[in-house]
Amino acid sequence: MVKLIAGRILQGFGVLVAVSLIAFFGIYAIGDPTSLLVDPQATQQDVEQVRHNLGLDQPMWRQYGLFVGSLASGDFGRSFATHEPAMRMILERLPATLELALAAIVIAVVAGVPAGLAAGTHPGSRLDRVVMTASILGFSLPTFWVGLMLILVFAVNLGWLPSFGRGELGSWLGIHSSLFTLDGLRHILLPALNLALFPMSLVARLTRSGAREALELDFVRFARAKGISERRVVFVHILKYISVPIVTMIGMQLGLLVAFAIVTESVFSWPGTGKLLIESIGRLDRPVVVAYLLVIVSIFVLLNLLTDLVYLTLDPRVRFDAGAHAE
Amino acid sequence: MSPTVCPDGASQGATSEGHFAAEAPVLRVAALRTEFATAAGIVPVVDGVDFALARGEVLGIVGESGSGKSVTAYSILGLVEPPGRVTGGRVLLGDIDLLALPPEALAAIRGARVSMVFQDPMMSLNPVLRVDTQIIEALRAHGSIGRHDAHARAADALARVGIAAPEERLRSYPHELSGGMRQRVCIAIAMLHQPEVIIADEPTTALDVTIQAQILSEMQALCASSGTALLWITHDLSVVASFADRVCVMYAGRIVESGPVDVVIGAPRHPYTRGLLDSVPALAAGGRRLAPIPGMPLAPADLDAGCAFRHRCARASERCALAPDETFPAPGRTLRCHHPLDRAADRDS
Amino acid sequence: MSRQHASAMAIPAVGPRARMRAFFGTSAARVATAALLILVAGAVLAPWIAPQNPFDLAQLDILASRLPPLSRGASGALYLLGTDDQGRDILSAILYGLRISLVVATVSVSFAFVLGTAFGMIAGTAGGRIDALMMRIVDIQLSVPAILVALVLLALLGRGVDKIIVALVSVQWVYFARTARAVALVEKRREYIDAARNLGFSQARILVGHLLPNALAPLIVVATVEVAHAIALEATLSFLGVGLPVTRPSLGLLIANGFAFMLNGEYWISVFPGVALVLVVFAINLAADRMRDVLDPRRTP
């Protein structure tokens, strides 16, 4: 088990190194950012000075070494646009993105799991077909379009919910979040619903197929033969049994949602990292883009690790025999 | 283990439906029919099965895989899953027809008055729930019980089926137990409420031979002490021979022969029963060569109205294209065959 | 979805004509195909059937801006779906926008098809370490969300039709590579490939002549799904302002333009282009779903 985790940590580290390489060569090495940084009227000497200060006159491998070295000391460079440290800009926006992704995943699970269970335990029923068709819609409709429609219906026409911003932030245990005030919750509802659409479809489908398979298994029949209620059969026996792949998937989705939030944040003017990324791309603000990439990938890696740990606690069998569980 | 003769043995007459009963039976299955919807149409897997189970009796149902014996078991407790469906007959527990009960009322009977043990102990316990959870939920399903009492009863139940260190086992997950121990847990669960009937669907098939014998004798003792009737479903005639009171031989969804176990095994009348016996080393009557039954059973979809065994039967004639009626060749025996073996011929050959 | 098609599935569809018949065996497929034909015809014929050329500033009447659907302009022209802030007829803008969206999507899917298929087939036939390495690249790419890859590329490259095509190809080639490799692995074991090799055919001829025909059916299904993906992704990127330039208003850009007005209740500027987008994407997905059923008899419904 320790070996398994150590392996995963090593693998995650490898991915980070790969991303730092891609980020560096892809973003720093292509083209010369000096022209963006210095005054167009600057003399050749000034330009050389700036190049020297940025280390751009060094050979490529040394530049990468410097880049990695500064990464290690937490320096991701300063934003070309605001001259703030890029990392601080990202970290300031990160809570907004994380709370949005978290709210979305909660909605996806709360709606997707029961829908999938209902569909899976009644194969071929009308309910089953409705859930399946809805999930195709969830997969194929562009997120930004659904976001617009949510705004049109619930904010513009009905006027029930606000359409942009985080609203009032509450604070609890030192964390500031929209989730802690009523106004904040009203603000987060539409964007979270929008972001939840895709994972909800995924969770519903996965739950459905898991439940269908579990129904055929002997332990479900034995549980019924014991005379326990159908509710307990479905919500304890089947749900616990299929929870392992579902939790695994949710863990991976949470990471992806942080990235997918780019679209939702732009539609709902949610002040998170995704919106910052779009703004930075528009301003050609490379350090911020690189910092964003590295932070997001670190989150992916971390969440995957966490998912593995949860997987180990959920499925008693893997503690003894990793990989024995047929998913 | 010598075969115990059914208490109401050969002295009692058959009822009009061909059943066999002295006092009112605890469980009576009449004209049970279960169909499966398949790509080839609707196929009857259980086709008019009748039998009765007296208090404390052990009834064996023997048949090859696909003969409908397991589906018969599932049908009794309403555990047939779509595309299967029970379409006819009655299952009387006392005077309640289980097939007519609403789901909640049936759930109240399952595990309390009629319980079940399944073939594969690897699969019949939920792998992600602890043993205590799975025992206690069965206790709670039929009456409220405090945490402490429930735990004590669960430990007691395990001890009664011969599990050492029950307290420790309660905290285990199923995969931490051996196959035999898992099956004991299942049996303990089935026995929790001292049911009137336990239906055991090949409960020892997946186990080692030595453990098989142990579990057989333990179950027999447990049932005898509590007066529980046992419906033992198996493909293994030697298991039935060793401890059932009566036996029903099933072929292609029908009971082709039934009767007291020593009589049926000692002097089978149906060619299929004879064939089964000849393919079991321990039972092939002295000097007879081991002979597997030629051919394979027809797929349920290919069955017609005639005797389903006639394609594999040396005695088959044109008459066999018509379904043989059930006959009662002796008290307590039933038979469906146009050309039964007679006792003398059988002994000589 | 595919459960409803169970009855049609029972008939084995071999030969192009039988497959065609099987494809149209469900009403969902028929409706999807009809909707698609109408939309594509509208896009192709836009210069001839659109009431107005939205790129021709001379035809735009700024006084007729933001008119609701079914209004008439000063000249008496009917604006079936209303006008936008520049007095552009929404219906015409949709037809032209659809044209751009479809062209971008089909061009990028074609490139991705060729590149990905070649990559996958080489990996599949080469086998061993080369295969493992090539597939590791595919796996890594698949683990990163497409939108992120496309955004980063566009951040580097800037806006433009060619650039968005590069971005789309970069995210889509993997799906073709994965499919082509799977087919190559199966076919590699078949005897006739060995036979062809013995006859002295070159590796390239084996790939093109023998593998491709077998891989075609699953690849076409992938291509269909990917066209829908490409349209949706391009619309998303354009909506975010990093995709197509304003001079090429695809559906995504039209929707983005109308967004601000939507909050004032002038819904039509955004909603109608959005409806066109959703119709195209959903119809293609439905058709692909049905194609998968017809072309791949192994897949159980």
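## Chain A, its two interfaces and a helix pair in chain C

From the N terminus on, the elements of chain A follow the order α-α-α-α-α-α-α-β-β-α-α-α-α-α. This amounts to 12 helices and 2 strands, where helices (H or I, at least four residues) and strands (E, at least two) are DSSP runs numbered from the N terminus. The model is predicted: local features need pLDDT of at least 70, side-chain atom pairs count only at pLDDT 80 or more, and totals for chains, interfaces and linings use all residues. Residues are numbered from 1 along each chain as its sequence is written, while chains are lettered from A and ligands numbered from 1 in the order in which they are written.

Chain A has 327 residues, of which 41% count as buried; a residue is buried if 20 or more other C-beta atoms, placed from the backbone, lie within 10 Å of its own, exposed if 12 or fewer, and partly exposed in between. Among contacts in chain A between residues at least 6 apart in sequence, 71% join residues at least 24 apart. Two residues are in contact if their C-beta atoms, placed from the backbone, lie within 7 Å.

Chain A touches chain B through 21 residues, which meet 27 residues of chain B. On the chain A side, α9 (218-225) and α10 (230-267) each give two or more residues, and α9(A) gives the most, with 7 residues.

Chain C brings 32 residues into contact with 29 residues of chain A. Two or more residues on the chain C side come from each of α7 (146-157), α10 (203-239), α11 (251-262) and α12 (268-295) of chain C; α12(C) gives the most, with 8 residues.

Within chain C, the axes of α5 (residues 90-126) and α8 (residues 161-188) come within 5 Å and cross at roughly 35°. Axes are lines fitted to C-alpha atoms, for helices over the stretch in contact, and angles run from 0 to 180 degrees between N-to-C directions.

The table gives residue classes, with Ala, Val, Leu, Ile, Met, Phe, Trp, Tyr, Cys and Pro as nonpolar, Asp, Glu, Lys and Arg as charged, and the others, Gly among them, as polar.

| Set of residues | Composition |
|---|---|
| Side of chain A that touches chain B | 10 nonpolar, 3 polar, 8 charged residues |
| Side of chain C that touches chain A | 25 nonpolar, 6 polar, 1 charged residues |
| Contact of α5(C) with α8(C) | 23 nonpolar, 8 polar, 3 charged residues |

The model scores ipTM 0.79 and pTM 0.75.
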